[in-house]
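Me: I should like to learn how to read the features of a structure that is new to me. Please take me through them in turn.

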Amino acid sequence: MSAKSDTTTDLALLGVLAVLWGASYTFIKIGVETIPPVTFIAARTMIAGGILFAIIRWRGLTMPGDAASWRRFAFQACLNSVIPFTLIAAAERSVDAGLATILNATSPIFTFVFTALITRHEPVTVRKLVGVGAGIAGICLIVGTEALGGLGHELWAQIAIVVATVCYAGAAIFGRGFKGLDPMLPAAGSMLCGAVMLVPLSLAVDQPWTLAPSMASILSLIGLSVFSTALAFVIYFRLIHTLGSVGTTSQAYLRVPIGVGIGAAVLGESLGPTVWFGMAFVIAGVAAMTIPVRKPAFAR
């Protein structure tokens, strides 16, 4: 496969990932209406982990058997699922899905900052800096002043989403350490570790056998687990190694118009009039952070 086709495939997968994770906020909003956040996320990680493990067995792959790999999976689970999933689910009991999408879209900024100041594992170029700026400008245009008017309410919930975003940025950088593994292995390993952590907490705190969730919440949980978690994390771990941590988290900018749009269509949340103009900045930012610079050919 040529480098050009590889890039095209990666950018297409980036778009798919943005759709899957953009939809997740609406799934969560509906799900936590009748299912407590800890139980909802425990079920999410358990279902997604089970699906991924079954596919791994069907493909004839083997999960790592050493303790070091599982410690890394557990740490990745904390950064990528246990802490951020639970914080966002709890926050969405009082925060609109659209606003949660917008706040969570700052993950590329934190990834860029961590990369520039701490890990320095990827070159910090002017192009990526411009991409970050374009993405921020697009988000501001999409949100609009009316949407931002809600930032003063339920401050704890909004701070929880920002903390979750910082976790995602750290996970994107730590996820580079799984290079050489099939993308399904760290995806399944981190989900299974997350379930091991969260299921006992759910049993102790929520006593899920006493709950009476609505059909809408159950269907949202299934959609979130199968599509926005199991499938999404396989794509995510592939892109971490092809586009890099900054490039992969840049899908958060593309996720904004998708997440806000789904929230508007399904939940009746309002869209600002500048959404399409803002989307142009978002796409420009994603392109600047992900499309590789073509190296000039040398004369023969």
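**Reading the features in turn**

Reply: Let us begin with a charged pair: in this predicted model, D10 and R238 join their side chains in a salt bridge, with N and O 3.0 Å apart. The two residues belong to distant parts of the chain, 228 residues apart, with D10 in helix α1 (residues 3-31) and R238 in helix α9 (residues 215-242).

Me: Is D10 buried or exposed? And how is R238 to be classed?

Reply: One compares the relative accessibility with a cut-off, and a residue under 20% is called buried. D10 has 6% relative accessibility and is therefore buried. R238, at 31%, is classed as partly exposed because its value falls between the buried and exposed limits.

Me: How many salt bridges are counted? With which residue does R59 form one?

Reply: The count is two salt bridges. R59 pairs with D182, and their closest N and O atoms are 2.8 Å apart. This pair, too, links distant parts of the chain: R59 is in the loop between α2 and α3 (67-91), D182 is in the loop between α7 and α8 (184-205), and 123 residues separate them. R59 is partly exposed at 41% relative accessibility, and D182 is partly exposed with a relative accessible area of 22%.

Me: Let us turn to the chain as a whole. How many helices and strands does the chain have?

Reply: An overview starts by listing the elements. Here the chain has 12 helices and zero strands. Of its 300 residues, 50% count as buried. One may also ask how far along the sequence the contacts reach: among contacts between residues at least 6 apart in sequence, 90% join residues at least 24 apart.

Me: How does one read the length of a helix, and how far does α2 reach?

Reply: The span is compared with the one expected from the number of residues. Helix α2 (residues 37-58) has 22 residues and reaches 32 Å from its first C-alpha to its last, which is close to the 32 Å expected at 1.5 Å a residue. Just after α2, G60 has a positive phi of about 80°.

Me: Which residue other than glycine has a positive phi?

Reply: One such residue is Q207, whose phi is near 45°. Q207 is located in the loop between α8 and α9, and with a relative accessible area of 39% it is partly exposed.

Me: How does one read the packing of two helices? At what angle do α2 and α3 pack?

Reply: One looks at the angle, the separation of the axes and the handedness of the crossing. For α2 and α3 the angle is about 135° and the axes are 9 Å apart. The two helices are therefore oblique to each other. Their contact is made by P37, V38, I41, R44 and T45 of α2 together with S81, F85, T86, A89 and A90 of α3. The crossing is right-handed.

Me: At roughly what angle do α3 and α7 cross?

Reply: The axes of α3 and α7 cross at roughly 160° and come within 8 Å. Because of this angle, α3 is roughly antiparallel to α7. The crossing of α3 and α7 is left-handed. Residues of α3 in this contact include F75, L79, I83 and L87, and those of α7 include W156, A160, A164 and Y168.

Me: Which residues does A172 contact beyond its neighbours within four places in sequence?

Reply: A172, which lies in helix α7 (residues 155-174), is in contact with Y236, I240, S245 and T249 when those neighbours are left aside. A172 has 0% relative accessibility, so it counts as buried. A172 and G247 illustrate separation in sequence and in space: they are 75 residues apart in sequence, and their C-alpha atoms are 9.7 Å apart.

Me: Finally, how many residues of α4 are buried?

Reply: To judge a whole helix, one classes each of its residues. In α4, eight of the eight residues are buried, so the helix is largely enclosed by the rest of the structure. Among them are A97, L99, I102 and N104. T101 also belongs to α4 (residues 97-104) and is buried at 0% relative accessibility. Apart from neighbours within four places in sequence, T101 is in contact with Y25, R255, V256 and G259.

Key. Residues numbered from 1 in each chain as written. Predicted model: local features only at pLDDT ≥ 70, side-chain atom pairs only at ≥ 80, totals over all residues. Heavy atoms only, no water. Helix = DSSP H or I, 4+ residues; strand = E, 2+ residues; numbered from the N terminus. Buried < 20%, exposed > 50% of the residue type's maximum accessible area, 1.4 Å probe, protein only. Contact = heavy atoms within 4.5 Å. Expected span 1.5 Å × (residues − 1). Salt bridge = Lys/Arg side-chain N within 4 Å of Asp/Glu carboxyl O. Axes fitted to C-alpha atoms, helices over the stretch in contact; angles between N-to-C directions. Parallel < 35°, antiparallel > 145°, perpendicular 65-115°, else oblique. Left-handed = near helix turned anticlockwise from the far one by under 90°.
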